[in-house]
Amino acid sequence: MPARPIVTVAHLKLGVRCAEVDQIDERARALAVDMVDTMRASPACVGIAAPQIGVNLRAFVIDCSSHRRTTVNHGELVLFNPVVTSLGAVAFEREGCMSVPDLTGDVGRALEIVVEGFDLSGSRIVIESSGFEARAIQHEIDHLDGLLFLDRLSGPGALHQRKVYR
Amino acid sequence: MSRYSLHAIGTDRPGIVAGVTGVLADSGCNLEDSRMAILHGQFAIMLVVEAPQRLSLEQLEASFREIQEELNLMVVIRPLPKQSNVKVSGDTVAVSVHGADRPGIVSSIATRVAELGGNIIDLATHKIEEQGGSSYVLLLTIETTPDCTEEILSPELDAVASQLGVSCVVHAGGDELF
């Protein structure tokens with residue numbers, strides 16, 4: 001499947017808590033392929049959650065392997081029904097979102113994280129991550145809970161414009 | 001010493017901060033707090049300055065005439081009380097509102113906040129142009145009162161947001177000291 005259009009902040013659909021994926025079957029795997037294709041279509045994109053392509057299910061894909069801020073990484077990672085089991089100390093860094101074009105924000109995220117979920121074969125996996133990849137995972141899981149980085153900002157001063165208007 | 005608030009606006013260009021603060025330094029003024037912003041190429045700065053007693057408001061205004069011309073700035077100076085007696089309570093909530101752009105988002109939210117007695121102490125809005133429409137993002141910091149807490153604001157602003165067809169999240173400001 002080609003990349004799907006990104007659902008942006010204009011759509012209330014992003015503010016919804018997503019449902020669990022019942023079965024890791026062909027449909028779930030097709031969703032994963034669409035998320036990967038959509039992520040690959042934008043060179044700067046390191047992750048996509050299902051609701052960002054209009055599917056309100058608990059699934060996301062990330063690939064932080066080629067990002068300059070990455071330390072630990074698991075390459076291309078698809079996770080269904082992710083549950084955070086451990087969060088470390090929080091640090092603030094700037095992040096953006098495909099669904100919020102033009103803006104970035106200073107968001108506090110745990111530096112270390114343990115997440116459980118199911119992979120493409122339906123096996124339960126445990127992911128331990130840190131740094132940029134841990135941030136990306138937390139950002140994607142927020143999407144599954146209907147939250148955008150905008151909803152994590154301490155205030156207007158933490159919001160930044162990506163474009164410079166002249 | 002006397003205190004003034006100084007407001008300068010104009011089209012952004014290099015040298016405005018240097019020009020404004022240069023005049024203040026030459027006049028013997030001491031900068032207290034300041035904040036500047038640029039929106040779509042328009043510059044605005046607000047400074048609170050402490051001025052020597054011998055310097056009158058008229059003299060201070062006159063000292064800005066040259067750079068006002070040179071940098072095409074509008075400068076407004078207002079006297080302030082000697083002591084800053086305006087303090088926020090310290091308890092704040094952050095509010096994020098976002099969705100499809102439409103008229104009245106900011107005014108509807110701000111009106112409800114005002115009705116509840118909350119004071120908006122920081123605000124930023126962004127319109128994001130997209131194909132086939134545009135999105136709107138509003139971020140607020142609100143100083144809370146016993147009648148305008150996070151618990152009260154959250155359902156109230158949710159209701160306003162639902163009517164507008166936008167999403168709204170209210171969360172504690174996180175002003176803890178460590």
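This passage walks through the fold of chain A, the nonpolar cores, one helix of chain B, a few backbone details and the contact between the chains. The model described here is a predicted one.

Chain A is a good place to begin. Its secondary structure amounts to two helices and eight strands, and along the sequence these elements appear in the pattern α-β-β-β-β-β-β-β-α-β. The C-alpha atoms of chain A occupy a box of roughly 50 × 35 × 30 Å along the principal axes. For 166 residues, a compact globule would have a radius of gyration near 15 Å, and chain A, with 15 Å, agrees with that. Of its 166 residues, 43% count as buried. Contacts across the sequence are also informative: among those in chain A that link residues at least 6 apart, 68% join residues at least 24 apart.

Within chain A, one pair of strands can be followed in detail. Strand 6 (residues 112–118) and strand 7 (residues 124–130) of chain A run antiparallel and are joined by seven bridges. In this pairing, A:E112 stands opposite A:S130. The two strands form a hairpin with five residues between them, and A:G122 in the turn has a positive phi of about 90°.

What lies inside the model? The largest nonpolar core has 67 residues, and A:F60, A:V61 and B:V95 have the most contacts inside it. Beyond its neighbours within four places in sequence, A:V61 is in contact with several residues, including A:A32, A:M35, A:I48, A:L77 and A:V78. There is also a second, separate core of 13 residues, with B:A8, B:I16, B:L47 and B:V49 among them.

Helix 4 (residues 105–115) of chain B shows how a helix can have two distinct sides. B:I105, B:I109 and B:V113 are buried in this helix. Viewed down the axis of helix 4 of chain B, the buried residues fall within an arc of 50°, so they line one face of the helix. The spacing fits a general rule: an α-helix has 3.6 residues a turn, so residues three or four places apart point the same way. The buried residues of helix 4 of chain B pack against strand 5, strand 6, strand 7 and helix 5 (150–164) of chain B. On the other side of the helix, B:S107, B:T111, B:A114 and B:E115 are exposed. After helix 4 of chain B comes B:G117, whose phi is positive, near 85°.

Two asparagines deserve a closer look. Most residues other than glycine have a negative phi. A:N81, however, has a positive phi near 45°. This residue lies in strand 3 (residues 76–87) of chain A and, with 18 C-beta neighbours inside 10 Å, counts as partly exposed. B:N72 also has a positive phi, of about 55°, without being a glycine. B:N72 sits in the loop between helix 3 (65–71) and strand 4 (74–80) of chain B, and is exposed, with 11 other C-beta atoms within 10 Å.

Finally, the two chains meet in a contact that takes 24 residues from chain B and 20 residues from chain A. On the side of chain B that touches chain A, strand 5 (92–100), strand 6 (119–130), strand 7 (133–143) and strand 8 (167–172) of chain B each supply at least two residues. By class, this side of chain B has nine nonpolar, 13 polar and two charged residues.

Conventions: Residues are numbered from 1 along each chain as its sequence is written. Chains are lettered from A and ligands numbered from 1 in the order in which they are written. This is a predicted model: local features need pLDDT of at least 70, side-chain atom pairs count only at pLDDT 80 or more; totals for chains, interfaces and linings use all residues. Two residues are in contact if their C-beta atoms, placed from the backbone, lie within 7 Å. Helices (H or I, at least four residues) and strands (E, at least two) are DSSP runs, numbered from the N terminus. Ala, Val, Leu, Ile, Met, Phe, Trp, Tyr, Cys and Pro count as nonpolar, Asp, Glu, Lys and Arg as charged, and the others, Gly among them, as polar. Two strands pair if DSSP finds at least two bridges between them. A residue is buried if 20 or more other C-beta atoms lie within 10 Å of its own, exposed if 12 or fewer, and partly exposed in between; C-beta atoms are placed from the backbone. The arc is that of the directions from the helix axis to the C-beta atoms. The radius of gyration is taken over C-alpha atoms; the globule rule is 2.2 Å times the number of residues to the power 0.38. A nonpolar core is a set of buried Ala, Val, Leu, Ile, Met, Phe, Trp, Tyr and Cys residues joined through C-beta atoms within 7 Å.
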